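Thanks for making time this morning. I would like to walk you through a structure that is new to most of us, so please have the sequence and the model open while I talk.

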Amino acid sequence: MNIIEIENLTYSYPASKKPILKNINLQVEKGDFLAVIGNNGCGKSTFCKTLNGLIPHFITGDFEGSVTVDGLNTLESDVGTLACKAGYVYQDFENQIVRPTVLDDASYACLNYAMEDYKERGREALSLCSLEGREDDYIWQLSGGQTHLLALAGAVSLRPDILILDEPIAQLDPSHADRIYNVLRELNEKHGKTIIVIEHHTEYIADYCKHVMLMKDGSIAWKLPTDEALRRVDELQSCNIFPPQVTVAAHRMEQEGRFSKEQTLPTTVEEGKTVFKSLRYHLPFPCKKPAKGKREPVVEFKDVSIAYRSVKGEDRVIFDRLNLEIHRGEKIALIGSNGAGKSTLMKLMVGLLKPGDGDIMLDGESIRRKKTESLSKKISLVYQNPEEMFIKDSIQADIAYAMQVRNIDNYKERTNELLARFNLTELKNRDGRLLSGGQMRRASLAIGIALNPGILLLDEPTANLDIATRKEIMRTLNDMKEVTETVMIATHDMQLVCEWAERIVVLCQGKVVADGTRDEIFGRRDIVETVGIRPPEIFYMGQALNKKALCYTVDEFLERFKEV
Amino acid sequence: MKMKKKLSENILDKFSIDFLRTQVLKNAYGNDDTVIAALDPRILIVWYLFMGLVPWFVNNLWFLMACFILVLVTTKLARVAGLVLLLFVIGVFTQTGYLLVVSLFFGGNASTVVSLLILTLKVATCSLASITVFSGLDPDRLSNGLMWYGCPERLSFSISYAYRVLPMLMGEFQNILLSFRMRGNPPEHETFAGKVKYLFYQVKVIMHAFYPLMLNTAKRSRTTVEALEIKGYRYAAVNKAVKKMKFSTLKVTYNDLLFLAVSFLWISLSVLASTLA
């Protein structure tokens, strides 16, 4: 039985002549777990909003064709009725939460639709989303992943048959991401919900989804079973979607003639185990380790302790006597789960937070007595949320600001140089907030290095980006290696860590639990498991074939695993 | 000199937005387990109307004293956040309190002192009563209470929503201010003139920070508005059944009556005392 039927849907936003959805025809079966993929701006989110009636009832525009959800034509019913059929979780889910306490928010919609049993429905939704026991907590006591689960619970409480999620795991660390998907799987399998996710992480699609739908320029290119869809490596890559690394590896072997065309490409590590069974691991030639001479420390944390005031009860201790040394010229990745203290560490370095105890030395001088403003020539921080870095009304003015107020002679030329370097010259008069995700990131990087700081700190530079943009930012970061001396990146993105970092520092509950090269970190099972970090999929593939194998990229995998 | 130095540093450093944020949260939700918070909001609102209005029309020192002591006790019971109390003290002092002190020291006669004391007591009682009710009750209960008395749904929703977004807004505002700090170049502030300049600079930065804050908020609220529509906010506003369900959570208990009785007894005692005196 089809729960969603769409016929000849064409839609354009008000005041826009070009249709964003073009002639869409689709059937979704009840109980499906469908992933919607496609480039940025191809109409994925718009498409999903037609399913719950926001389009055309709340957002008007030119709407042609028909959308039928569980037997109801969306044109003929109102948003309220449709909300009980299809629940929606936004990408910026924290803005979707309107009530101060957990149970309140989960049951809010039911209360508004005058359902007598709204509290029970809220409770039921919370338990389905594994948030039992948190009913009376306040919103700000939840972690990012829990907040997302709450947004989901708010939608589940109306008991809709369809749940739509817009990039559910873009901001989450791997363990939280797993939790979200496990909840979704349970809702799908045990409770028979139809689930539609907009998702870029193909490894998750391979593990959890049943069908994949590719959108291109506002129309549906195809809808296929997941395996089949992910094997279309060339087509996906041409749309800037990156199939699972295992699939890409097999596909490249196929091109090199090392993999017979009759065999199907694997999409998960499990499948890879049988397909790659015959491959042998060859130890790479031990490359010379750079001589560990005495390197000059640029930042030193000496017994630093800091705690945040909390609303109730004891202060929350973030660091308790933390010690860390950062040397000139290092490229460091700072990893650890949400809330491990990564952002705090960075804010301490630029002097935005003062340590409660202990001291931080920058170039041998304590920064305790220094003003943040005077540190900015030496060290600079780029926020996770680029919007908060835009303080002027155009990105040109934003990039120039720090240089302008310091009366740097050729600040105009340097601004133009930076605009050109980050490919922003054409956008220079636009407000930063109105740019796309990738453009915003590039602008924030340009702002960050405007004063040519010796140390650059980047907080989650690739979060919330689709994979194509992520690759682009990764390229930019690699290009920047020459102009910036010491760089530290806080991130969950293990591909970025593996391809970019020379040293990895692992934070867990305010302590440095591991510090070293990628082999030293990912080679240690205990750390990977306790801290909840996750190496790239290809690393697992290598490990599954040979315990000694440490490969982080598809290239390395192909180089080291040979037929003989 | 030291004081001045502190003042100029304070705006952005010590008195951080982060501090403000926790104080606001503490004020709204940090005391939901107190005696006052457990009371029925409707009862408290009636009580507040009495405490907030009646003292203005009475000039009896005994009566005012009694009211003041009563609200002092309730404020204590409500465990009000420190910042609010500080603001209260500053507020009362700058309104009338300083006159009282001045007249005490510069030979004001008894009658001026008494009349000033009466005025101060009125202001203080009224403000403390407001503090008790508005920060002792959590915003949700308060807005339900107001709605029961016929305040429009929008007002009561705004109150509780404001408390929901305020922490978020303050976090954002703080980050924008930090952006200014990281990239700005404040004037030197070693000399006195420099300090004055620095103070102006800080005020200017705070003003400039509002523009990005507004734009960022506008961007966020797009999702919120859609989410409210999905969650049926508009339907609830016109549906009587929803109102009824909301009110069913309000209940007058034994404690509420006890609270009213004790207040009443105390005030009557004071009236009695004043007639006897």
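Before we look at one helix, I need a term: the bend at a residue is the angle between two axes, one fitted to the seven residues ending there and the other to the seven starting there. Please also keep in mind that what we have here is a predicted model.

With that term in hand, let us turn to helix 6 of chain B, which bends by about 60° at Thr94(B). This helix covers residues 82-105, and whereas a straight helix of 24 residues would span 34 Å at 1.5 Å a residue, helix 6 spans only 29 Å between its end C-alpha atoms. Just after helix 6 of chain B comes Gly107(B), which takes a positive phi of about 65°.

Next, the place where the chains meet. How many residues of chain B are in contact with chain A? There are 45 of them, and they touch 43 residues of chain A. On the chain B side, the elements that give two or more residues are helix 2 (17-29), helix 9 (153-183), helix 10 (192-230), helix 11 (233-238) and helix 12 (240-247). The largest share of that side, 14 residues, comes from helix 9 of chain B. Sorted by class, the side of chain B that touches chain A has 21 nonpolar, 13 polar and 11 charged residues.

Now to the interior. The largest nonpolar core has 197 residues, and those with the most contacts inside it are Val36(A), Cys129(A), Ala153(A), Leu334(A) and Leu457(A). If we take Cys129(A) and leave aside its neighbours within four places in sequence, we find it in contact with Leu149(A), Leu152(A), Ala153(A), Val156(A) and Val183(A). Apart from this core lies another, of 25 residues, among them Tyr48(B), Leu64(B), Ala81(B) and Ala129(B).

Finally, some details of the backbone in chain A. The peptide bond from Ile55(A) to Pro56(A) is cis, with omega near 5°, and Pro56(A) has its place in helix 2 (residues 54-58) of chain A. Asp303(A), found in strand 12 (residues 297-308) of chain A, has a positive phi of about 45° although it is not a glycine. Is Asp303(A) buried, exposed or partly exposed? Asp303(A) counts as partly exposed because it has 13 C-beta neighbours inside 10 Å. Asn423(A), in the loop between helix 16 (411-421) and helix 17 (437-448) of chain A, is not a glycine either, yet has a positive phi of about 60°; with 14 other C-beta atoms within 10 Å, Asn423(A) is partly exposed.

Notes:
Residues are numbered from 1 along each chain as its sequence is written. Chains are lettered from A and ligands numbered from 1 in the order in which they are written. This is a predicted model: local features need pLDDT of at least 70, side-chain atom pairs count only at pLDDT 80 or more; totals for chains, interfaces and linings use all residues. Two residues are in contact if their C-beta atoms, placed from the backbone, lie within 7 Å. Helices (H or I, at least four residues) and strands (E, at least two) are DSSP runs, numbered from the N terminus. Ala, Val, Leu, Ile, Met, Phe, Trp, Tyr, Cys and Pro count as nonpolar, Asp, Glu, Lys and Arg as charged, and the others, Gly among them, as polar. A nonpolar core is a set of buried Ala, Val, Leu, Ile, Met, Phe, Trp, Tyr and Cys residues joined through C-beta atoms within 7 Å. A residue is buried if 20 or more other C-beta atoms lie within 10 Å of its own, exposed if 12 or fewer, and partly exposed in between; C-beta atoms are placed from the backbone. The expected span of a helix is 1.5 Å times one less than its number of residues.
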